[in-house]
Each structure stands twice: as structure tokens, then as C-alpha cells.
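Let's take a walk through this protein chain together, one region at a time. Have a look at the sequence and the structure first, and then read on.

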Amino acid sequence: MICFSLLASGWAHAQDQRERKVVQLSGIILNADSTDAVPGVNIYVPKKGRGTSSGRFGYFSMPVLEGDSVVFSFIGLKRQTYKVPENMDDDRISLILTMELDEIALEEIEVMPYPSEKEFKEAVLAMSVVDPMTISGSNMSPEMLLRAAEMMPASGNENFRYFQQGLMQQNQDLYGPRPLRLLDPFAWAQFIRSIKRGDLKRRD
């Protein structure tokens with residue numbers, strides 16, 4: 001008698017499972033302001049092994065059964081549950097779901113570098129302190145300043161000047177090779193005249 005009742009209840013449960021209609025559940029998941037889509041939301045039916053996740057634009061689609069409870073979860077957002085209606089006339093459901101932020105207030109945690117105040121004091125007393133003026137003096141030495149100046153990138157004015165010089169040289173190269181002043185006879189004549197005039201004599 002007990003076996004017959006168990007078989008009858010199991011057959012009724014299986015019959016009830018077969019009579020539940022399959023429904024295609026689809027929709028779009030938005031944030032609390034309904035301005036941006038939320039991708040990567042986990043959408044599943046607990047203990048049924050059915051689930052999916054929202055795509056890049058917040059869209060999802062998955063088959064469910066009438067009466068299923070569908071869970072929507074995402075880290076930092078409040079979990080929501082949607083109950084699929086029973087005895088539906090249509091086999092499709094479209095949702096526009098908005099998910100709100102899940103704000104969690106944590107207690108203040110004080111992180112200490114040492115396990116006890118005693119060890120902290122011992123570490124402070126054992127610390128070797130360097131005079132800050134000594135460090136400043138070494139950093140302001142001529143050698144350090146020269147090295148810093150050599151490593152410093154060019155300023156905007158210098159870059160602009162170099163760029164303009166490059167353009168001028170390119171324009172000069174368009175009309176032939178650059179003149180070599182050592183082979184210019186007019187330059188030599190001018191140089192000889194300046195020697196005769198005494199322009200190169202040392203002035204006291």
C-alpha cells in the first residue's frame with residue numbers, strides 16, 4: 001500500500017512537471033538610473049542547472065518553466081528574483097529590469113604595522129635617522145644638478161626652436177647643397193681685410 005502511494009505521488013509529480021509550459025524569458029538589464037546597460041549579470045534558476053548572463057548591452061534570453069523563480073545577481077548590486085507566472089497564454093516574456101546598488105557599510109579597521117605598542121617603540125628607538133640637511137646638501141651639489149639638467153627633457157620653447165631650425169634647413173636643401181664657408185673666396189677676402197684692419201687684435 002505504501003509503495004503504491006509513493007508511485008502514485010511520483011507519477012503525479014512527473015505529470016505536473018510535464019504539464020508546465022516552457023517560456024522564453026528575455027529582456028534588458030539597466031542600472032538604477034536606467035541610463036546604462038549592465039553586462040555580466042548572472043541569471044539562473046536555483047537548483048535547476050539552468051542559467052545565463054547578460055551580454056554587452058545588458059540583453060539576455062533563456063528558456064524557463066511556468067512557476068520558476070529566476071534570480072538576477074551581480075557583485076555590488078542588490079539581488080532580485082522574478083517569479084514566472086503560471087498558466088500563461090503566451091510562450092514569451094519580455095522584461096526591462098533595473099538593478100539598484102547594494103551599499104554595505106563596514107566597520108572601521110585600524111591596521112597597525114606592529115603587533116604590539118611595545119614592539120613599535122622598540123623599532124622606533126632602533127631606527128637610524130639621517131640628518132635631512134645632509135641629504136639636501138648632496139642633492140644640491142653641482143654634480144647632481146648637472147646630471148639632473150642633462151637628464152631633463154627639452155622644454156616647449158626648445159622643441160619649437162629645434163623644429164623651426166629643421167624646417168629652415170630643409171628649405172635650404174631644396175635649392176642645392178649647403179655652402180661650405182671654407183671654400184668661399186668672398187669669405188676669405190673679407191677675413192683677410194679684417195686682419196689688415198686689425199679687427200682681430202687683442203683689445204685690452
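**A guided tour of the chain**

At 69% relative accessibility, Asn 87 is exposed, because this value is over the 50% cut-off. Please keep in mind that the model you are looking at is predicted. You can find Asn 87 in the loop between strand 6 (77–83) and strand 7. The backbone here is worth a look as well: phi of Asn 87 is near 55°, a positive value in a residue other than glycine. Most residues other than glycine have a negative phi.

Lys 47 offers another example, with a positive phi near 65°, and this residue too is not a glycine. Lys 47 sits in the loop between strand 2 and strand 3. Is Lys 47 buried or exposed? With a relative accessibility of 86%, Lys 47 counts as exposed.

Now step back to see the whole chain. How many helices and strands does the chain have? There are six helices and seven strands. Read from the N terminus, the order of the elements is α-β-β-β-β-β-β-β-α-α-α-α-α. Of the 204 residues in the chain, 17% count as buried. Among contacts in the chain with a separation of 6 or more, 50% are between residues 24 or more positions apart. The chain exposes about 17400 Å², and carbon and sulfur atoms supply 59% of that area.

Next, let's go inside. The largest nonpolar core has 19 residues, and those with the most contacts inside it are Ile 29, Ile 43, Val 64, Val 70 and Phe 72. Which strands each supply at least two residues of this core? They are strand 1, strand 2 (42–45), strand 4 (59–65), strand 5 (69–74) and strand 7 (92–98).

Phe 72 is a good residue to follow from here. Leaving aside its neighbours within four places in sequence, Phe 72 is in contact with Ile 29, Val 41, Asn 42, Ile 43, Phe 60, Lys 78, Arg 79, Gln 80, Tyr 82, Leu 95, Leu 97 and Met 99. Another residue to follow is Ser 26, found in strand 1 (residues 22–30). Ser 26 has a relative accessible area of 13%, so it counts as buried, the cut-off being under 20%. Beyond its neighbours within four places in sequence, Ser 26 is in contact with Tyr 59, Phe 60, Ser 61, Ile 93, Ser 94 and Leu 95.

Charged residues are the next stop. Side chains of opposite charge can pair when their charged atoms come close. The count of salt bridges comes to four. One of these joins the side chains of Asp 68 and Arg 20, at 2.6 Å from N to O. This pair links distant parts of the chain, 48 residues apart: Asp 68 is in the loop between strand 4 and strand 5, and Arg 20 is in the loop between helix 1 (2–19) and strand 1. Asp 68 also forms a salt bridge with Arg 50, where the closest N and O atoms are 2.3 Å apart. Here the partners are 18 residues apart, with Arg 50 in strand 3 (residues 50–53). Arg 20, Arg 50 and Asp 68 are thus linked in a network of salt bridges. How does each of them sit? Asp 68 is buried at 3% relative accessibility, and Arg 20 is buried at 17%, whereas Arg 50 is partly exposed at 24%.

A further salt bridge joins Glu 117 and Lys 121, whose closest N and O atoms are 3.6 Å apart. Both lie in helix 2 (residues 117–125), and because they are four residues apart, about one helical turn separates them. Glu 117 is exposed, with a relative accessible area of 58%, and Lys 121 is partly exposed at 49%.

The tour ends at helix 6. The 13 residues of helix 6 should span 18 Å at 1.5 Å a residue, and this agrees with its end C-alpha atoms, which are 18 Å apart. Helix 6 is followed by Gly 198, whose phi is positive, near 85°. Phe 191 is found in helix 6 (residues 185–197) and counts as partly exposed, at 40% relative accessibility. Together with Leu 182, Leu 183, Trp 188, Ile 192 and Ile 195, Phe 191 makes a nonpolar surface patch of about 650 Å².

Definitions and conventions
Residues numbered from 1 in each chain as written. Predicted model: local features only at pLDDT ≥ 70, side-chain atom pairs only at ≥ 80, totals over all residues. Heavy atoms only, no water. Buried < 20%, exposed > 50% of the residue type's maximum accessible area, 1.4 Å probe, protein only. Contact = heavy atoms within 4.5 Å. Core = buried A, V, L, I, M, F, W, Y, C linked by side-chain atoms within 4.5 Å. Areas by Shrake-Rupley, 256 points an atom, 1.4 Å probe, with all protein chains shown as cover. Patch = residues over 30% accessible without salt bridge, like charges linked within 9 Å, V, L, I, M, F, W, Y side chains within 5 Å. Expected span 1.5 Å × (residues − 1).
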